[in-house]
Amino acid sequence: KMVVSNFKTNQFGIGKFLLLHDNNTQYTVEIDFRNRIQTFELAPAEKKGINITLNQIASKVVLTFNTNNETLSNIKNKPYTLFIHNGNKSKKIPIIFENSTKIIKAIEQKDLFAGINIFTLFNDNDEPILERVFFNYEGIQTLQTTDTFIQKSQDSLLIQVPIYGLKTSETAHLSISILPNETKSYNSDHNILSYTLLQPYIKGYIENAKYYFTNIDNKKQYELDNLLLTQGWSSYNWNSIFNNPPKPMFEFETGISFKANNKNKDERKYILLNSKHHEAQVYVLSANENTFNEKGFIVEDDEELMFTEVEGKTKMKKPNLYLQFSPSRVPSIDKFLSVLPLKENTVFEANSSDIVFDTEWNKVEQLDEVVIKANIEKKRVDKITRKFPTGRIDMFDDEKRTHTLDLVTYLNSKGYNAKQDLGGTVSISRGYKANPSIFLNGYRVLDKSVLNRFDMSDMDYIVFDLTARQYDGIQIGREGSIHLYTDINIRFKNDKPKELNQNINPPLTFTSPKKFYVPKYVYYQSDFFKEYGVIDWFPNVTLTQSNTIDLKVLDTQTKEIILFIEGVTSEGRFISEEKVVSLNKSSKF
């Protein structure tokens with residue numbers, strides 16, 4: 001045996017070596033892994049074919065296509081095509097083997113797409129025969145933060161994080177997690193750069209993918225290229241596309257779709273009333289047309305779809321629609337989804353008697369709704385009593401309003417001598433005295449005919465007062481006064497309007513965004529808080545006119561905190577940082 005090459009893998013177990021293959025020689029690879037030698041035999045090279053090597057030289061990407069004389073005799077002068085694409089845009093370069101078994105193409109990196117570039121070689125029959133994936137760092141624009149400023153304010157910390165290079169007209173949308181620096185709860189393999197620019201083009205797992213986009217240098221660019229050699233077979237499996245095309249498992253969906261059915265065969269019109277995310281929609285059905293459709297409908301939580309039917313030009317009635325929704329259930333995606341396994345199992349050992357979270361809220365007593373309503377009514381009666389300190393107040397409820405025929409009948413039951421006739425005349429007296437003064441909602445009634453057949457259905461309360469002076473100082477006389485107070489809303493509060501709408505609950509809805517509340521911990525210096533605690537999370541930070549992130553968080557007396565900042569700007573530039581801040585050494589503003 002003779003050693004022809006040596007190589008080492010990096011921390012992710014990826015490496016490569018150069019081998020000039022001789023068909024008459026058997027090659028074996030020996031790998032020393034954890035003090036154990038493992039041996040693998042390399043398969044012999046194909047007698048015919050084309051291979052590709054890629055090298056970065058200065059600002060160029062150099063692609064070298066190699067073949068042999070046996071293959072050249074079959075492909076000589078045939079129009080091959082190098083297809084360069086990223087799943088969105090594409091370019092092509094003609095490739096023709098003439099009198100040489102080697103073709104070299106040098107492409108400026110600025111002429112490639114920013115991010116992933118898939119090089120596919122097609123033969124003269126437009127069949128893909130070779131592929132190589134390359135990541136172009138040029139054109140990936142990122143922004144960096146500068147020194148963080150912190151100021152203590154009572155029990156809070158004011159944190160200011162400037163972003164360098166944000167343009168005046170540029171908007172940034174960020175998510176910021178603030179955790180103790182010793183945290184074990186934030187151990188993601190990805191950041192926004194790796195998940196957006198790399199993962200969609202790779203089949204399988206990418207261990208610590210954010211490594212390739214943090215403090216980028218030549219070494220990491222080289223290692224990413226090795227990753228793409230190992231795992232970067234394209235998401236487009238050309239053999240399957242041409243020979244066994246993949247079948248779509250699910251329809252492309254945007255929101256909720258529905259189909260409404262009605263057996264009515266006449267011409268008619270339906271209105272879908274406006275909702276949180278949509279304006280009102282009108283559907284006009286001609287004769288013998290009994291269905292209408294809608295796509296891309298966004299419905300949240302328990303929100304209903306409300307339909308009404310229009311008859312003629314203005315008359316409305318409750319429709320009788322049957323709706324079919326798509327999707328109508330959440331499909332099982334277990335067989336289509338792969339999750340990167342945990343790097344390590346972490347177990348926090350704690351004393352079961354330790355109280356981790358503050359549970360003071362458990363001691364809060366929920367008040368009965370009836371008691372609350374009673375207290376509100378009592379406060380209202382007290383307020384009326386203070387307004388009429390010498391009066392006798394009679395509060396009306398639904399039962400009293402229902403059984404009281406009219407005002408004259410009511411006053412007679414209270415000791416007054418009240419009369420009304422068909423001509424509209426009303427007289428009210430008490431014994432042999434003259435008529436008392438009547439006030440309606442604070443205004444004196446001079447023409448008592450307005451009290452004829454007076455409807456009591458909206459009466460709120462009545463005050464009887466025998467004093468000779470009105471509360472605003474007006475002299476009334478010895479006959480006293482009667483104060484009537486009505487509330488027009490009472491008349492309609494128990495009315496049930498005619499149902500004109502058909503309310504339909506979709507079987508699936510979207511969940512509305514929920515507000516994040518920071519957990520309350522009993523003790524902020526515990527190991528549990530340092531490793532698994534949360535100081536704060538700001539999921540939707542928007543910077544428009546300012547290039548500074550301003551945050552306010554609880555001061556947990558943590559010596560070092562870490563800010564996980566992920567975001568993108570309106571011009572497609574990325575922000576991705578893990579920023580450690582020492583509260584003892586940080587600058588103040």
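The exercises below work through a predicted model of one protein chain.

**Exercise 1. Overall make-up**

Find how many helices and strands the protein chain has, and what share of its residues is buried.

Solution.
- Step 1. The protein chain contains nine helices and 32 strands.
- Step 2. Of the 589 residues in the protein chain, 35% are buried.
- Step 3. The accessible surface of the protein chain is about 38300 Å², and carbon and sulfur atoms account for 50% of that area.
- Step 4. Take the contacts between residues at least 6 apart in sequence: 62% of these join residues at least 24 apart.

**Exercise 2. A three-stranded sheet**

Determine the order of the strands in the open sheet that contains β4, and state which strands stand at its edges.

Solution.
- Step 1. The order is β3-β4-β7, with antiparallel pairing.
- Step 2. β3 (51–57) and β7 (102–108) each have a single partner strand, so they stand at the edges and one side of each has no neighbour in the sheet.
- Step 3. From one strand to the next, the twist averages 20°.
- Step 4. Strand β4 (residues 60–66) is joined to β7 by seven bridges. For Leu-63, the bridge partner in β7 is Lys-105.

**Exercise 3. A salt bridge between β4 and β7**

Identify the salt-bridge partner of Lys-60, and explain why the pair ties together parts that are 48 residues apart in sequence.

Solution.
- Step 1. The partner is Glu-108; the closest N and O atoms of the pair are 3.0 Å apart.
- Step 2. Because Lys-60 belongs to strand β4 and Glu-108 to strand β7, the salt bridge ties together parts separated by 48 residues in sequence.
- Step 3. Lys-60 has 33% relative accessibility and counts as partly exposed. Glu-108, at 24%, is also partly exposed.

**Exercise 4. Salt bridges elsewhere**

For the pairs Asp-301 with Lys-514 and Lys-400 with Asp-394, give the N–O distance and class each residue as buried, partly exposed or exposed.

Solution.
- Step 1. In the Asp-301 and Lys-514 pair, the closest N and O atoms are 3.9 Å apart; the cut-off for a salt bridge is within 4 Å.
- Step 2. Asp-301 lies in the loop between β17 (291–297) and β18 (305–311), and Lys-514 in the loop between β28 (502–504) and α9 (527–532), so this pair ties together parts 213 residues apart in sequence.
- Step 3. Asp-301 is partly exposed at 32% relative accessible area, whereas Lys-514 is exposed at 59%.
- Step 4. In the Lys-400 and Asp-394 pair, the closest N and O atoms are 2.6 Å apart.
- Step 5. Lys-400 is partly exposed at 27%. Asp-394 has 10% relative accessibility; buried means under 20%, so Asp-394 counts as buried.
- Step 6. The whole structure holds 16 salt bridges. Glu-377, Arg-380 and Asp-460 are linked in a network of them.

**Exercise 5. A four-stranded sheet**

State the strand order of the open sheet that contains β13, and name the residue opposite Leu-174.

Solution.
- Step 1. The order is β29-β13-β31-β32, and the pairing is antiparallel.
- Step 2. β29 (536–543) and β32 (574–582) are the edge strands, each pairing on one side only.
- Step 3. The twist averages 15° from one strand to the next.
- Step 4. Six bridges join β13 (residues 172–180) to β29. Leu-174 stands opposite Val-541 in β29.

**Exercise 6. A nonpolar surface patch**

List the residues of the nonpolar patch and place Phe-40 in its strand.

Solution.
- Step 1. The patch is formed by Phe-7, Phe-17, Ile-31, Phe-33 and Phe-40, which together have about 440 Å² of accessible area.
- Step 2. Phe-40 is in strand β2 (residues 36–41), and at 42% relative accessibility it counts as partly exposed.

Note on methods: Residues numbered from 1 in each chain as written. Predicted model: local features only at pLDDT ≥ 70, side-chain atom pairs only at ≥ 80, totals over all residues. Heavy atoms only, no water. Patch = residues over 30% accessible without salt bridge, like charges linked within 9 Å, V, L, I, M, F, W, Y side chains within 5 Å. Areas by Shrake-Rupley, 256 points an atom, 1.4 Å probe, with all protein chains shown as cover. Salt bridge = Lys/Arg side-chain N within 4 Å of Asp/Glu carboxyl O. Helix = DSSP H or I, 4+ residues; strand = E, 2+ residues; numbered from the N terminus. Buried < 20%, exposed > 50% of the residue type's maximum accessible area, 1.4 Å probe, protein only. Contact = heavy atoms within 4.5 Å. Pairing = 2+ DSSP bridges. Axes fitted to C-alpha atoms, helices over the stretch in contact; angles between N-to-C directions.
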